[in-house]
Amino acid sequence: MLQTKNISKVFQGEQVLEGLSFRINEHEMLSILGRSGSGKTTLLKVLAGLETADRGQVILEGQDITTVPANRRGIVYLYQEALLFPHLNVFENIAFGLRLRKQPESVIKDNVYALLERLELPEQAQKMPEQLSGGQRQRVAFGRALVIEPRVLLLDEPFGALDSETRTNMQDLLKGVAKDYGLTAIFVTHDLKEAMLMGDRMGMMQKGKLNIYDKQADFIADKATGVLEEAQFWINLQDLKK
Amino acid sequence: MSRTVKAMLVGLILFPFAFLLMLSVGRQWPYPALFPQQWSLANWAMVWGGSEGLSNSVAISVLLSTSVAALSTGTSFWVSRHIAYHPKREAWLSMAYLPYVFAPVILAACLQFFFILAGLYGTFGGVLVAQLFITFPYGVIFFSSFWNERLRNMEQLVKTLGGNSRQAYAKVLIPVARGALATCFFQLFLISWFEYGLTNLIGVGKVPTLTIRVFQYVNEANLFLAALASCLLVFPPLLLLWVNRRVVFKG
């Protein structure tokens, strides 16, 4: 479905991406774990067409989209911050992409109300962004992306600014929505547990290099991911209690 | 603050306006009379009647300042965005300060030759272009603090949602910047409205704005007409201030 071939990028003398080649299947969510500065965001921006790679190719459904501008790729990039348009209410924020495509009013209403229902936001349709909680804002941001039926959804630490309870709710919601809508997505996070919860497959990004694990067991077994270290911490804590 | 002090402050602010209004309807004011000895609306009748060319000056000033403010606000908004995200942002921005290194009149004197060459000397278009040399960089400096990473992300988001640059401006950036655009337009209107040096030098008296008229009447020691022209000069900015306040605070 989405494939990259040998993507590399140097920024201010630093190798940000180094020969990245990987593939994501249709309706699959790949979670990528990585520390700040590991190149995760740059990779997503290259895939979205917001940054250009120095070398390599991005192929979507068999078509080379390396030079296709961002607005013609059908790949939506979601930021950590919901970035709702402050002058539009919830309904209009979600309808934004459909209005850009000049869809008929009846189509806009049907699609937006269906999404509001699915995202548990039907009561909030007429509210302005500043009247919403952090979790509600992020839901609206999902709705705004989903309404245009993106070919690929790129999520850059979307729950990074949420409290732990809201974060858990949002993870459940996204998993459900991804299944319902058959989403193809890349989910970037620096949270180990979140990476394992969200991804059908997992990847680890370090110093511009990406290692993708086909099986969860391989991801756990690799010392670099830190899963074993984390598990040992909790085991030790359990032992101390005894 | 006590009511008396408040009333005194309001009185101090309003006094010059009231004084100008009084002078504009006065005639004959010999020393040591406290007030003019005759009162007449004849001066104001001249404005509506078209004599003295004051109504023409009002029209020229409104057209000139509106055009200068609209052109500068629009172009500086667009240019400042490109400067803000340019790797050499500081170098480009420092160029915007260049027109202010010289006094406007010196700048005009330097540009005079080119205006003569282009056939713009002593024309409305020439004065408009000359004022842009001052107002456009001001707009660029004004908007330089407006752009930030969040707006840039918002603009990129519009693109990944399928919008082009024009749609990003029309549907997001301009509505979000409405308050800043209104404030910038207002400030540039005022700069143009009260501009004297450039207008006088490039217009060579053939573009009689209200500000030029006020100076002309003052030089002629025509106290009452100078007051009348000053009243006309003050009214449109006050109106714009009121409109601007409503737009900015509503936003």
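Contact here means heavy atoms within 4.5 Å. I worked throughout on a predicted model.

**Entry 1: chain B as a whole**

I began with the composition of chain B and found 13 helices and 2 strands. I then looked up the extent of its C-alpha trace, which spans about 75 × 60 × 35 Å along the principal axes. Of the 251 residues of chain B, 41% count as buried. I also recorded how its contacts are distributed along the sequence: among those with a separation of 6 or more, 72% join residues 24 or more positions apart.

**Entry 2: helix 7 of chain B**

I next turned to helix 7 of chain B and asked which helices its buried residues pack against. I found helix 3 (54-84), helix 4 (89-96), helix 5 (98-101), helix 6 (104-117), helix 10 (178-193) and helix 11 (197-203), each of chain B.

I listed the buried residues themselves. They include B:Gly126, B:Val127 and B:Leu128, and further along B:Ile134, B:Thr135 and B:Pro137. B:Val140, B:Phe143 and B:Ser144 also belong to the buried set.

I then checked the length of helix 7 of chain B. The helix covers residues 124-144, so its 21 residues at 1.5 Å a residue should span 30 Å. The end C-alpha atoms lie 30 Å apart, in agreement with that expectation. I noted as well a bend of about 35° in helix 7 of chain B, located at B:Leu132.

**Entry 3: the contact between chains A and B**

I looked up the area that chain A and chain B bury between them and obtained about 1,800 Å², with 66% of it on carbon and sulfur atoms. Which three residues supply the most of the area that chain A buries against chain B? I identified A:Asn71, A:Leu83 and A:Leu100, which together supply 29% of that area, more than any other three residues. The contact draws 24 residues from chain A and 17 residues from chain B.

**Entry 4: polar features of the contact**

I searched for salt bridges between chain A and chain B and counted 1. This salt bridge joins the side chains of B:Arg150 and A:Glu81, at 2.6 Å from N to O. For polar contacts between chain A and chain B, I recorded 7 residue pairs, with both residues at pLDDT 80 or more.

Lastly I asked which elements give two or more residues to the side of chain A that touches chain B. I found helix 1 (40-48), strand 6 (75-78), helix 2 (90-100) and helix 4 (134-146) of chain A. Strand 6 of chain A gives the most to this side, with 4 residues.

Note on methods. Residues are numbered from 1 along each chain as its sequence is written. Chains are lettered from A and ligands numbered from 1 in the order in which they are written. This is a predicted model: local features need pLDDT of at least 70, side-chain atom pairs count only at pLDDT 80 or more; totals for chains, interfaces and linings use all residues. Side-chain values use heavy atoms; hydrogens and water are left out. The expected span of a helix is 1.5 Å times one less than its number of residues. The bend at a residue is the angle between axes fitted to the seven residues ending there and the seven starting there. Buried means under 20% relative accessible area, exposed over 50%, partly exposed in between (1.4 Å probe, protein chains only). Buried area is the accessible area (1.4 Å probe) that two parts lose on being put together, summed over both. A salt bridge is a side-chain nitrogen of Lys or Arg within 4 Å of a carboxyl oxygen of Asp or Glu. A polar contact is a pair of N or O atoms within 3.5 Å; within protein, one must be able to donate a hydrogen and the other to accept it, and residues adjacent in sequence count only if both atoms are side-chain atoms.
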